[in-house]
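Trainee: I should like to take a close look at the charged pairs in this structure. Would you please guide me through them and then through their surroundings?

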Amino acid sequence: QVQFVESGGGLVQPGGSLRLSCVASKSIFKFYAVGWYRQAPGKQRELVAGISTGFSTNYVDSVKGRFTISRDNAKNTVYLQMNSLKAEDADVYYCNIQGGSTWGQGTQVTVSS
């Protein structure tokens, strides 16, 4: 069963940047669209950004122009570059393949001055 390990979260001031990474335990990313999701306590997990096998990208409106998703299939890694961070971006961030049901531990993003 594939596992995902997210990293790169942390505490950043409003307006700051972070780069999240997600590594898969198996070479599967090249076969699937992949998404970054976020979840606040008591709320449903939300798709923030997605990237297709053909490298097409899509974003939720609230992060357009600030976040960039990318993938490196050779490294089994997907990235999320997060710029101009806002307090409302603070959540636990997860990655997964399209239709995937196994979730990693996520990485915590905190935006605070």
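Mentor: In this predicted model, five salt bridges are present. Side chains of opposite charge can pair when their charged atoms come close. Some of these pairs are joined together: R38, E46, R66, D89 and D91 are linked in a network of salt bridges.

Let us begin with R38. One of its partners is E46, and the closest N and O atoms of this pair are 3.0 Å apart. The two residues may be compared by their accessibility. R38 has a relative accessible area of 6% and is therefore buried, since buried means under 20%. E46 has a relative accessibility of 30%, so it counts as partly exposed, a class that lies between 20% and 50%.

R38 also forms a salt bridge with D91, and here the closest N and O atoms are 3.9 Å apart. This pair links distant parts of the chain, for D91 belongs to strand β9 and R38 to strand β4, with their positions 53 residues apart in the numbering. Is this pair of D91 and R38 buried or exposed? Both residues are buried. For D91, the relative accessibility is 11%, which is under the 20% limit, and therefore D91 counts as buried.

D91 deserves further attention. Its side chain reaches the backbone nitrogen of A40 at a distance of 3.2 Å. When neighbours within four places in sequence are left aside, D91 is in contact with R38, Q39, A40, T107, Q108 and V109.

The strands that carry these residues can be placed in a sheet. Six strands form an open sheet in the order β2-β10-β9-β4-β5-β6, and their pairing is mixed. At the edges stand β2 (10–12) and β6 (57–59), each of which pairs on one side only. On average, neighbouring strands of this sheet are turned by 25° against each other, direction ignored. In the listed order, β9 and β4, the strands of D91 and R38, stand next to each other. At one end of the sheet, β5 and β6 run antiparallel and are joined by three bridges. Within this pairing, G50 has N58 in β6 as its bridge partner.

A further salt bridge offers a contrast in accessibility. K64 pairs with D61, and the closest N and O atoms are 3.0 Å apart. K64 has a relative accessible area of 49%; it is therefore partly exposed, as the exposed class begins over 50%. D61, at 60% relative accessibility, is over that limit and so counts as exposed.

Finally, one may turn from charged residues to nonpolar ones. The largest nonpolar core has 27 residues, and F4, F29, W36, F67, L80 and Y93 touch the most other members. At least two residues of this core come from each of β3 (18–24), β4 (34–39), β5 (46–51), β7 (67–72), β8 (77–82), β9 (91–97) and β10 (107–111). The strand that gives the most is β3, with four residues. L80 illustrates how such a residue is surrounded: not counting residues up to four places away in sequence, L80 touches L18, R19, L20, W36, A49, F67, T68, I69 and Y93. Strands β4 and β9 thus appear in both parts of this account: they hold R38 and D91 respectively, and each supplies at least two residues of the core.

Notes
Residues are numbered from 1 along each chain as its sequence is written. This is a predicted model: local features need pLDDT of at least 70, side-chain atom pairs count only at pLDDT 80 or more; totals for chains, interfaces and linings use all residues. Side-chain values use heavy atoms; hydrogens and water are left out. A nonpolar core is a set of buried Ala, Val, Leu, Ile, Met, Phe, Trp, Tyr and Cys residues joined through side-chain atoms within 4.5 Å. Buried means under 20% relative accessible area, exposed over 50%, partly exposed in between (1.4 Å probe, protein chains only). Contact means heavy atoms within 4.5 Å. Two strands pair if DSSP finds at least two bridges between them. Axes are lines fitted to C-alpha atoms, for helices over the stretch in contact, and angles run from 0 to 180 degrees between N-to-C directions. A polar contact is a pair of N or O atoms within 3.5 Å; within protein, one must be able to donate a hydrogen and the other to accept it, and residues adjacent in sequence count only if both atoms are side-chain atoms. A salt bridge is a side-chain nitrogen of Lys or Arg within 4 Å of a carboxyl oxygen of Asp or Glu.
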